[in-house]
Amino acid sequence: MHSLGVNSYRFSISWSRILPRGRFGEVNSEGISFYNNLIDALILKEIQPFVTINHYDLPQELEDRYGAWLNSQIQEDFGYFAEICFREFGDKVKYWSTFNEPNVMVSKGYIEGTYPPGRCSEPYGHCSSGDSDKEPFIATHNVILSHAVAVDIYRKKYQEKQGGSIGIVMSATWYEPYEDTPVHRIAAARASAFEIGWFLDPMIYGSYPPEMTQILGSVLPTFSSSDKKKLNNSLDFIGINHYTSMFAKDCLFSVCNLGPFTSNGSLLRIGYSNGVPVGPTTDMPDFYVTPKGMEKIVLYVMERYKNLPMIITENGYAQKSDSKLSIEDFINDEERVEFFSSYLTSLSKAIRKGADVRGYFIWSLIDNFEWLFGYSERFGLFHVDYDTQQRTPKLSAKWYKEFLDGPKIKTTVSNMLKTSRLAN
C-alpha cells in the first residue's frame, strides 16, 4: 500500500475474534493484539486506519442464545463490542463505520437465505426456517438501533477526546427504470428507497421511507421517541459501496413472472431491458460497467441526505479466476484500468456539482476470498498466486500509482483520502 501511495486502509474487525462468546465470555487478548499490531504497522507507514466494526459476522453464541439480529438483546451486545473497539483502538483510529453493507446482510440472510443465518421462506428462497415477509424488518430495526447505541457511546465517552468520526457503509446500486414509463420510473425510485433509504432514512429523519410504508404498512416496526433521539445526528459520514447499475421493473402495476415480492419493494432488479444490458457485462454476475451510475448514486445520496459527507468505500472490477489463463492475462487488466478511469471521471462530475465526497477506496488491494464466489473472482490491483502466495502488481496497480502521483488527483479528487481496501 505504501508503494502505491495510498494514505488510508479500510478493514473490518471480526466480532468473534475479540469476543468469541459476545458479552457472555471473556475478551480475547490475542485478538486485541492482532488488530493493534495491524493498526501500528499502518500508522508507521503513514496510512490511516479506516475501521468497520461489523462486516456480517458475529459470535455463534448470540445466534444460539437468542437469534442474534432477530432479538433486541443484540443491541446490548453490539454496544458492548463497539465500546471495546473504541477503548482499545480509538486513540489511533479516526474513522469508524458501525456496519458494512447491512442492507446486503439482511437481504441475503433473512430474505433470500443465501448468507448466514440462512433464513427465508417461499417464494424468496428454499430454507428450513424463516419468514421473508417479516424477519428482514425485525433484523434491520435491530441493526439500526445497534448503530444508534454504538454511536451514542462514542459521542458521549470517546469522540471528543479521540477526535474521530463515525458513520455507516451501504451497498448502493444505481437503478434505471426498466422502461421510460411512470410505473417503472417510480419503481426505480422505490428500489433505491428499499435498498438505501431502508437504513439511512431512520438515521437522518427518524422513520422508514414513505416508499416502504406505503407498501409494507404495519409490517415495519416503529421508533420510539427515545430511539429517535439516539438516531438523530448519528452519522458523521455515509459510506457508499458502488459497483454497478441495474434496471428496476415494476411489479405493483405490471405483470412480473416472479412477483410480487413485497419485501423487495414489489419490483424486479434485473440487468437487461428488452434484451439490452444496462452496460457491458463483467465476470461477476449482475455486475455491469455503468460509469454514469457513480455520478447518479452520489447525487442521489447528496440530495436525499442533506449532502452529508460521503466516502466511496468500495468500487472495483472482477476478473474470472480461470485456470486456463496465464498470469500475464491477469496482470494485463486493461478493462480494470478503463473501469477505474471512467468511474473516477464520473465521480469527479458529482463533486463538481457540489457533492461533499471526502474519500475513495478501491476494492481490492489484492485478489482474495469473495464470499460465496470463493476464489473464483479476482478484484485485486495485485495478482495473487494462491499456491505460492506470490503477489504481482497488475497494470491497474501501476495505473493507480501514477494516478495518485499525477496532476489529475489535484483537479478531480482533491482533499480526498487516497485509498485501497482489503477484507478482514
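Here is a short tour of a small sheet, some salt bridges and a charged patch in this protein.

Keep in mind that the model is predicted.

**The sheet**

Let's start with the strands. Three of them make an open sheet, lined up in the order β5-β7-β8, and their pairing is mixed. Strands β5 and β8 are at the edges with a single partner strand each, so each has one side without a neighbour in the sheet. If you look at how neighbouring strands are turned against each other, the average is 35°, ignoring direction.

Here are the residue ranges of the three strands:

| Strand | Residues |
|---|---|
| β5 | 174-177 |
| β7 | 245-250 |
| β8 | 267-270 |

Now zoom in on one pairing. Strands β5 and β7 run parallel, and four bridges join them. Want a spot to find in the viewer? Look for Pro-177, which stands opposite Ala-248 in β7.

**The salt bridges**

Side chains with opposite charges can pair when their charged atoms come close. How many salt bridges does the count come to? The count is 24 salt bridges. One of them is between the side chains of Arg-23 and Asp-77, at 2.9 Å from N to O. This pair links distant parts of the chain, with the two residues 54 residues apart. Arg-23 is in the loop between α1 (15-18) and α2 (29-44), while Asp-77 belongs to helix α4 (residues 73-89).

**The charged patch**

Which residues gather in a patch of negative charge on the surface? They are Asp-283, Asp-322, Glu-334 and Glu-335. As for Glu-334, you'll find this residue in helix α13, which covers residues 334-352.

How values were computed. Residues numbered from 1 in each chain as written. Predicted model: local features only at pLDDT ≥ 70, side-chain atom pairs only at ≥ 80, totals over all residues. Heavy atoms only, no water. Patch = residues over 30% accessible without salt bridge, like charges linked within 9 Å, V, L, I, M, F, W, Y side chains within 5 Å. Areas by Shrake-Rupley, 256 points an atom, 1.4 Å probe, with all protein chains shown as cover. Salt bridge = Lys/Arg side-chain N within 4 Å of Asp/Glu carboxyl O. Lys, Arg positive; Asp, Glu negative; His and termini not counted. Charge placed at Lys NZ, Arg CZ, Asp CG, Glu CD. Pairing = 2+ DSSP bridges. Axes fitted to C-alpha atoms, helices over the stretch in contact; angles between N-to-C directions.
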